[in-house]
Amino acid sequence: MKTKVGLLYGGKSAEHKVSMQTAMAVIKALDLEKFEIHPIYISEEGQWVKGPQLQGPVSSVKELEFSQGEALPPTALAPTLFQGAQDKGPFDVIFPLLHGPNGEDGTVQGLLELLNLPYVGNGVLASSAGMDKVIMKNIFAQAGLPQVKYVWFIRSEWENETEAAYDQVERELGYPCFVKPANLGSSVGISKCMNRSELEGAFKEAFQFDRKIIIEEGVTAREIEAGVLGNDFPECSVAGEIVPKVEFYDYKAKYEDGDTALIIPAEISEIEYSELRDMAIKAFKALDCSGLVRADFFLTREGKLYINEVNTMPGFTPFSMFPLLWKHTGVEYPQLIERLVNLAIERHAEKQSIKHTM
């Protein structure tokens, strides 16, 4: 019997296009002999549309942007949106392929929890903490994971004490530094600053995307990443290195130009890899993650390793690191998808065994 999978993608966020690319890649990887695939599209305006069951490969993103189908506004969501064909019962698992706010941040995960449906990836807590870079870094600090120095502000603080905010950055971090929205991924809204003028512009840019921003100390370091896969007993992939041809790995380099070199496996020592693997798994457990994360690190010339962040829903685009890391570890993309589905079903079964009443 085929596993009935509901693919949830699109979303009302700045990362809508990234999600669409991820959906395309996952659909191509799913074996239609094993899986029954039902697309659930969220438009950029926030409309939810359940498309018809896929009967074959999809050749373009346009085919996944449904305007016809079972449409419901978010305020009228019902479990029927997540049902398969009427004579086949509910979906076996939901695969959220959403990036950014209202998708990767625990909101959709909370909805799926309320509907008591198995879903791929991280739960409410890990998703929300992993989405908010400030909360994530605070948890990592509590866990004793080494990080670069950082400060953060909410918009009202900056508006009320603008010069004091800039002064604090210069006093505690100095230049260069990186300014980022706290709750966006895919390098959206990130700026590198070398002086006060650039810092002022970076604050304005980042606050367009979020009410909270984080500013991180700039370090001269290699960017090393690893994939973590599992639930209670996570495994770590080989390490990979990102070598941007531009000054830093921004959105354009990631998704539009492909203007980077990916070196897999990364040329690091066994000791460095062992430390990275332990830190990646420690970060996974500190956030109470499940399913998957991509853990990102800085490795300095002196051999100092810092954790930068984890991504609780890394993309599966042609330029994405996560599936490539596992391919070089010995897990091909279709196998990776199947493992994620199985991990979701396993985690859901465990939750059902927990007593909720006395």
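## Helix H11 across the sheet

In this predicted model, a good place to start is helix H11, which spans residues 333-352 and lies across three strands: E10, E11 and E13. Strand E13 covers residues 291-300. Take E10 as the reference and you will find H11 running at about 55° to that strand.

## The sheet beneath the topic

Strands E10, E11 and E13 belong to an open sheet of 5 strands with antiparallel pairing. Read in order, the sheet goes E12-E11-E10-E13-E14. Which strands stand at the edges? They are E12, residues 260-263, and E14, residues 305-311. Each of these has a single partner strand, so one side of E12 and one side of E14 are left without a neighbour in the sheet. On average, and with direction ignored, neighbouring strands here are turned by 30° against each other.

## Strands E10 and E11

Now for one pairing in more detail. E10 is made of residues 221-230 and E11 of residues 235-244. The two run antiparallel and are joined by 6 bridges. If you would like a spot to look at on screen, find Ala226, which stands opposite Ala239 in E11.

## The chain as a whole

Stepping back, the protein chain has 11 helices and 14 strands. How many of its residues count as buried? The share is 54% of the 358 residues.

Among contacts in the chain with a separation of 6 or more, 69% come from residues 24 or more positions apart. As for the outside, the accessible surface of the chain comes to about 16,200 Å², and carbon and sulfur atoms hold 50% of that area.

Terms used:
Residues numbered from 1 in each chain as written. Predicted model: local features only at pLDDT ≥ 70, side-chain atom pairs only at ≥ 80, totals over all residues. Heavy atoms only, no water. Helix = DSSP H or I, 4+ residues; strand = E, 2+ residues; numbered from the N terminus. Buried < 20%, exposed > 50% of the residue type's maximum accessible area, 1.4 Å probe, protein only. Contact = heavy atoms within 4.5 Å. Areas by Shrake-Rupley, 256 points an atom, 1.4 Å probe, with all protein chains shown as cover. Pairing = 2+ DSSP bridges. Axes fitted to C-alpha atoms, helices over the stretch in contact; angles between N-to-C directions.
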